[in-house]
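Reader: I have the sequence and the model open. I want to know what stands behind the labels people put on such a structure. Can we take them one by one?

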Amino acid sequence: MKVALASDHGGVNLRKEIANLMNELGIEYQDFGCDCEGSVDYPDYALPVAQKVASGEFDRGILICGTGIGMSIAANKVKGIRCALVHDTFSAKATRAHNDTNVLAMGERVIGPGLARDIAEIWLTEGFEGGRHGTRVGKISEYEQN
């Protein structure tokens with residue numbers, strides 16, 4: 001698995017925690033920033049990561065901003081992206097198992113580093129169940145194609 005990772009100024013610290021987690025898990029990733037001290041625009045980081053995942057260059061993406069909301073909205077504008085904003089472990093598991101999400105968004109101002117690491121680990125290691133869930137995801141993809 002190859003993961004694209006990015007944050008805006010509001011998610012820098014949590015992004016570093018998630019990078020450490022992926023190092024510990026032996027998951028290949030590329031950090032797309034931001035390396036900033038001042039305010040930046042989240043679409044400038046969310047959209048390139050989403051495009052890299054949608055193109056198949058990366059298998060999944062993780063995006064972090066202050067709330068995760070802006071990142072998830074921006075990422076979901078890219079065709080082929082199923083980005084979930086997650087702040088609990090149950091949703092982390094369900095969004096992979098039932099929705100086959102390929103991008104995870106979290107908010108540094110919403111959750112702490114311990115919970116974020118737990119969420120990311122579950123999301124990175126959980127598989128997609130397929131079956132009836134595959135049918136549902138397929139309907140979304142079909143709509144998106146039209």
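Reader: What makes strand 3 and strand 5 a pair?

Author: In this predicted model, 5 bridges join strand 3 to strand 5, and the two run parallel. A pair needs at least two bridges. So the label holds for 5 bridges. One bridge to look at is G61, whose partner in strand 5 is V103.

Reader: How do you know that strand 4 pairs with strand 5?

Author: By the same kind of count. Strand 4 (residues 83-85) and strand 5 are joined by 3 bridges and run parallel. The cut-off is at least two, so strand 4 and strand 5 count as a pair. A84 has L104 as its bridge partner in strand 5.

Reader: What hand does the β-α-β unit of strand 4, helix 4 and strand 5 have?

Author: The unit is right-handed. With the strands pointing away from you, a clockwise path over the helix earns that name.

Reader: Why is strand 5 called mostly covered?

Author: Buried means under 20% relative accessible area. In strand 5, 5 of its 5 residues are buried. V103, A105 and G107 are buried on one side, and L104 and M106 on the other, so both faces are covered. Side chains in a regular strand alternate between the two faces of the sheet.

Reader: What makes strand 1 and strand 2 partners, and in which sense do they pair?

Author: They share 4 bridges and pair in the parallel sense. L5 stands opposite D31 in strand 2. From strand 1 the chain crosses through helix 1 to strand 2, in a right-handed β-α-β crossover.

Reader: Is Y29 in strand 2 buried or partly exposed?

Author: Y29 lies in strand 2. Its relative accessibility is 24%. Buried stops under 20% and exposed starts over 50%, so Y29 counts as partly exposed. Leaving aside neighbours within four places in sequence, Y29 is in contact with V3, L5, A19, M22 and N23. Y29 and L5 are 24 residues apart in sequence, but 6.9 Å apart in space, C-alpha to C-alpha.

Reader: How do you know that the span of helix 1 fits its number of residues?

Author: Helix 1 has 14 residues. Its first and last C-alpha atoms are 20 Å apart, close to the 20 Å expected at 1.5 Å a residue. Its buried residues are V12, L14, R15, I18, A19, L21 and M22. They pack against strand 1, strand 2, strand 3, strand 5 and helix 5. Just after helix 1, G26 takes a positive phi of about 70°.

Reader: What makes one face of helix 5 the buried one?

Author: Start with the residues. A116, R117, I119, A120, W123 and L124 are buried in helix 5. Seen down the helix axis, they fall within an arc of 165°, so they line one face. What covers them includes strand 1, helix 1, strand 3, helix 4 and strand 5.

Reader: Why is M71 called buried?

Author: M71, in helix 3, has a relative accessible area of 0%. The cut-off is under 20%, so M71 is buried. Beyond four places in sequence, M71 touches A6, S7, D8, Y42, Y45, A46, L63, I64 and C65.

Reader: What sets the peptide bond between G33 and C34 apart?

Author: The bond is cis, with omega about 25°. C34 sits in the loop between strand 2 and helix 2. D100 also deserves a look: its phi is near 50°, a positive value in a residue other than glycine. D100 is in the loop between helix 4 and strand 5. Most residues other than glycine have a negative phi, and most peptide bonds are trans.

Reader: How do you know that the radius of gyration agrees with a compact globule?

Author: For 146 residues, a compact globule would have a radius near 15 Å. The protein chain has 14 Å, which agrees. Buried residues make up 45% of the chain. Of the contacts with a separation of 6 or more, 69% join residues 24 or more positions apart.

Definitions and conventions: Residues numbered from 1 in each chain as written. Predicted model: local features only at pLDDT ≥ 70, side-chain atom pairs only at ≥ 80, totals over all residues. Heavy atoms only, no water. Buried < 20%, exposed > 50% of the residue type's maximum accessible area, 1.4 Å probe, protein only. Arc of directions from axis to C-beta. Contact = heavy atoms within 4.5 Å. Rg over C-alpha atoms; globule rule 2.2 N^0.38 Å. Expected span 1.5 Å × (residues − 1).
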